[in-house]
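Subject: Structure handover, ligand sites and voids

Hello,

Here is the structure for you to take over. Please open it alongside this email; my notes follow below.

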Amino acid sequence: MAINIILAGPRGRMGYEAVQMITNEESFRLVACLDHKHDGLTLGELEQFRDDLQVPIYTDFDTCLKQHQADVFVDLTIPEVGYKHTKTALQYKVRPVVGTTGFTDEQLSELKELAKEQKRGCIIAPNFAIGAILMMKFSKMAAKYFPDVEIIEKHHDQKLDAPSGTAKKTAELIQDVRESKKQGHPNEEETLPGARGADMNGMRIHSMRLPGLVAHQEVIFGGAGQTLTISHDSMNRASFMDGIKECVNQVMDLEELVYGLENLL
Ligand SMILES: NC(=O)c1ccc[n+]([C@@H]2O[C@H](COP(=O)([O-])OP(=O)(O)OC[C@H]3O[C@@H](n4cnc5c(N)ncnc54)[C@H](O)[C@@H]3O)[C@@H](O)[C@H]2O)c1
Ligand SMILES: O=C(O)C1=N[C@H](C(=O)O)CCC1
């Protein structure tokens with residue numbers, strides 16, 4: 001029995017790859033797409049997609065959900081709308097698999113409650129790449145021995161949110177085993193505001209944005225006479241597709257929200 005999927009953000013850097021993955025996966029069926037333009041067209045009518053992709057495009061999610069029976073909703077859009085889409089999908093008992101980052105803690109809590117009420121699975125994964133998940137898990141292990149740590153995340157210059165969802169998730173996992181600690185000299189002074197990066201319980205997070213980059217992160221731990229660097233690089237967005245596929249399959253068996261792919265490995 002195929003899993004019927006609605007995808008939001010098909011024309012994006014991630015959405016375009018996801019359209020290829022979903023339409024090439026025998027056990028998946030792309031029943032509709034949600035975009036902010038091209039209402040009433042099909043993907044095949046857009047120049048960037050194969051002509052045979054007779055997948056209808058909607059700009060109104062409620063209309064789309066009323067006209068198509070979907071099992072799973074995949075969101076690869078922007079922080080501003082990803083949360084609303086996820087909430088709407090759950091209200092229609094369609095299982096969200098969300099790659100969109102930049103949700104607030106309050107939004108995550110609200111979605112967690114809604115998924116529980118609806119007894120529907122929901123997966124919100126800041127990073128779908130298995131290497132990035134392992135980087136986060138290894139960082140949590142290392143943080144037990146190295147309380148001084150700084151995260152440097154490096155992304156393409158079209159990214160909207162900073163720090164990245166991956167960096168925030170990494171810091172949250174580290175915080176599970178690290179006491180809050182102010183790092184650096186107690187009297188250090190930023191002569192240029194922001195020089196020491198974002199502060200998360202004393203841990204510093206630095207965000208680099210440059211053309212030519214895709215998605216990269218270094219987690220650097222410091223100790224007496226040594227440093228330990230754990231890093232991951234996504235060279236292209238194919239690195240995320242197996243994770244999305246895994247989440248679409250696994251979300252069918254969940255009845256609650258799971259935040260982070262590390263909880264499903
Ligand atoms: N979880 C992961 O592994 C992972 C990997 C890469 C990117 N991301 C996240 O995925 C999101 C998308 O990244 P991207 O590089 O593809 O961005 P992008 O800007 O290339 O694509 C976003 C798409 O969303 C569409 N969009 C905007 N408003 C919309 C609306 N109201 N309805 C439907 N679609 C709408 C845009 O048209 C665009 O095509 C970002 O939040 C990014 O952080 C997550
Ligand atoms: O390209 C992006 O944007 C990415 N966003 C995610 C994040 O914010 O961590 C995952 C990596 C790529």
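How much space lies in the largest pocket? About 960 Å³. Bear in mind that this is a predicted model.

**The largest pocket**

The lining of this pocket counts 34 residues. Closest to the centre are Arg13, Met14, Leu76, Thr77 and Ile78. Three elements give two or more residues to the lining: H1, H3 and helix H6 (165-175). H3 has the largest share, with three residues. By class, the lining holds 13 nonpolar, 15 polar and six charged residues. Ligand 1 sits in this pocket. Ligand 2 sits in the largest pocket too.

**Ligand 1**

The shell around ligand 1 has 22 residues. Arg13, Met14, Thr101, Ala125 and Phe128 are the closest. Helix H1 (13-24) and helix H3 (79-91) each put at least two residues into that shell. Its make-up is nine nonpolar, nine polar and four charged residues.

Here are some polar contacts to oxygen atoms of ligand 1:

- Phe128, through a backbone N or O atom, at 2.7 Å.
- Lys159, through a polar side-chain atom, at 3.0 Å.
- Gly12, through a backbone N or O atom, at 3.1 Å.

On its own, ligand 1 has 850 Å² of accessible area, and the protein covers 84% of it.

**Ligand 2**

Which residues surround ligand 2? They are Thr101, Pro126, Asn127, His155, His156, Lys159, Ser164, Gly165, Thr166 and Ala215. Two of these are nonpolar, seven polar and one charged.

Contacts to oxygen atoms of ligand 2 include these:

- His156 places a polar side-chain atom at 2.9 Å.
- Gly165 places a backbone N or O atom at 2.9 Å.
- Thr101 has a side-chain N or O atom at 3.3 Å.

Ligand 2 exposes 310 Å² when taken alone, and the protein buries 85% of that.

Two names come up at both ligands. Thr101 is among the closest residues to ligand 1 and also belongs to the surroundings of ligand 2. Lys159 has a polar side-chain atom 3.0 Å from an oxygen atom of ligand 1, and Lys159 is also listed around ligand 2.

**The second largest pocket**

This one holds about 170 Å³ of space. Its lining has 16 residues. Gly102, Phe103, Gly165, Lys168 and Tyr259 lie nearest the centre. Gly165 also has the backbone contact to ligand 2 given above. Helix H4 (105-118) and H6 each supply at least two lining residues. The largest share is from H6, at three residues. The classes here are seven nonpolar, five polar and four charged.

**The cavity**

How many cavities of 30 Å³ or more does a search of the whole structure find? One. The largest cavity has about 70 Å³ of space. Its lining is Asn127, Met135, Glu153, His155, Ser164, Thr166, Ala215, His216, Gln217, His232, Ser234 and Phe240. Strand E7 (148-155), strand E10 (215-223) and strand E11 (226-234) each provide at least two of them. E10 gives the largest share, three residues. Eight lining residues are polar, three nonpolar and one charged.

Some of this lining also surrounds ligand 2, including Asn127, His155, Ser164, Thr166 and Ala215.

Over to you.

Technical notes:
Residues numbered from 1 in each chain as written. Chains lettered and ligands numbered in written order. Predicted model: local features only at pLDDT ≥ 70, side-chain atom pairs only at ≥ 80, totals over all residues. Heavy atoms only, no water. Near = heavy atom within 4 Å. Polar contact = N/O pair within 3.5 Å; in protein donor to acceptor, adjacent residues only side chain to side chain. Areas by Shrake-Rupley, 256 points an atom, 1.4 Å probe, with all protein chains shown as cover. 1 Å grid on protein atoms, 1.4 Å probe; cavity = no way out; pocket = protein on both sides within 12 Å on 5 of 7 lines; lining within 4 Å. Sits in = over half its atoms within 2 Å of the grid points. Helix = DSSP H or I, 4+ residues; strand = E, 2+ residues; numbered from the N terminus. Nonpolar A, V, L, I, M, F, W, Y, C, P; charged D, E, K, R; others polar. Points joined across faces, edges and corners; volume = space filled by probe spheres on them.
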